[in-house]
Amino acid sequence: MSETEPNYVDVAAIRERADKATPGPWEYDGMHNEIQKYDMPGFWLIISECRSAPDQEYQQDQFKHMYDANFDFIAHARTDVPALCDEVERLQAQLAAALAILAALHETCAYACAGADEAWERYEKLREEGS
């Protein structure tokens, strides 16, 4: 896939942005309006403070902590994005290998078909001469 194609995804640029972010995993505990990273025993690094979106429906746990799906999504993005980049690169490599095989098969078939056409033409010519 090239940069000019409509569905082009610049995996290298996405991976570069992910690599520049604070290493993960990040967490959302449902108790605080922040995305956190466990830094060392007893300490959490606050990655980002968040505000809840007004359109969210909140679930509460047994301690009445509000669960925000947006916060959870952001927290998981730190590990999900690199995993998705890995998968895209794996699939792109498989696609390139499959396309190479198809190109070789196409070339082989074209050669075989050309030979078959030539043989048929010779057969018809011999048949005409024999009539």
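This section describes the buried residues, a nonpolar surface patch and the salt bridges of the structure. The model is predicted.

The largest nonpolar core comprises six residues, namely Trp 26, Tyr 28, Ile 35, Cys 50, Phe 71 and Ala 75. In soluble globular proteins, nonpolar side chains tend to be buried together. Within this core, Cys 50 contacts Asn 33, Glu 34, Ile 35 and Phe 71 when neighbours within four places in sequence are set aside. Two of these partners, Ile 35 and Phe 71, are themselves members of the core.

Glu 34 belongs to strand 1, which spans residues 34-40. Its relative accessibility is 15%, so Glu 34 is classed as buried, the threshold for burial being under 20%. Apart from residues up to four places away in sequence, Glu 34 touches Glu 27, Tyr 28, Ile 46, Ser 48, Glu 49 and Cys 50. Among these, Tyr 28 and Cys 50 are core residues. A polar contact of 2.8 Å joins the side chain of Glu 34 to that of Gln 36.

A nonpolar patch is present on the surface, formed by Leu 95, Leu 99, Ile 101, Leu 102 and Leu 105, with a combined accessible area of about 500 Å². Ile 101 is located in helix 2, which covers residues 69-130. With a relative accessibility of 52%, Ile 101 is counted as exposed, because the category requires a value over 50%.

Five salt bridges were found in the whole structure. Side chains of opposite charge can pair when their charged atoms come close. In helix 1 (residues 11-20), Lys 20 and Glu 16 are four residues apart and therefore separated by about one helical turn; their side chains form a salt bridge with an N to O distance of 3.3 Å. Lys 20 is exposed at a relative accessible area of 65%, whereas Glu 16 is partly exposed at 45%.

Helix 2 also contains salt-bridged pairs. Glu 87 and Arg 90 lie three residues apart in this helix, about one turn, and the closest N and O atoms of their salt bridge are 2.7 Å apart. Both are partly exposed, Glu 87 with a relative accessibility of 32% and Arg 90 with a relative accessible area of 40%. Arg 122 and Glu 118, four residues apart in helix 2, are likewise separated by about one helical turn, and their side chains meet in a salt bridge at 2.4 Å, N to O. Glu 118 is partly exposed, at 43% relative accessibility. In addition, a network of salt bridges links Arg 15, Asp 86 and Glu 89.

Notes:
Residues numbered from 1 in each chain as written. Predicted model: local features only at pLDDT ≥ 70, side-chain atom pairs only at ≥ 80, totals over all residues. Heavy atoms only, no water. Helix = DSSP H or I, 4+ residues; strand = E, 2+ residues; numbered from the N terminus. Buried < 20%, exposed > 50% of the residue type's maximum accessible area, 1.4 Å probe, protein only. Polar contact = N/O pair within 3.5 Å; in protein donor to acceptor, adjacent residues only side chain to side chain. Contact = heavy atoms within 4.5 Å. Core = buried A, V, L, I, M, F, W, Y, C linked by side-chain atoms within 4.5 Å. Patch = residues over 30% accessible without salt bridge, like charges linked within 9 Å, V, L, I, M, F, W, Y side chains within 5 Å. Areas by Shrake-Rupley, 256 points an atom, 1.4 Å probe, with all protein chains shown as cover. Salt bridge = Lys/Arg side-chain N within 4 Å of Asp/Glu carboxyl O.
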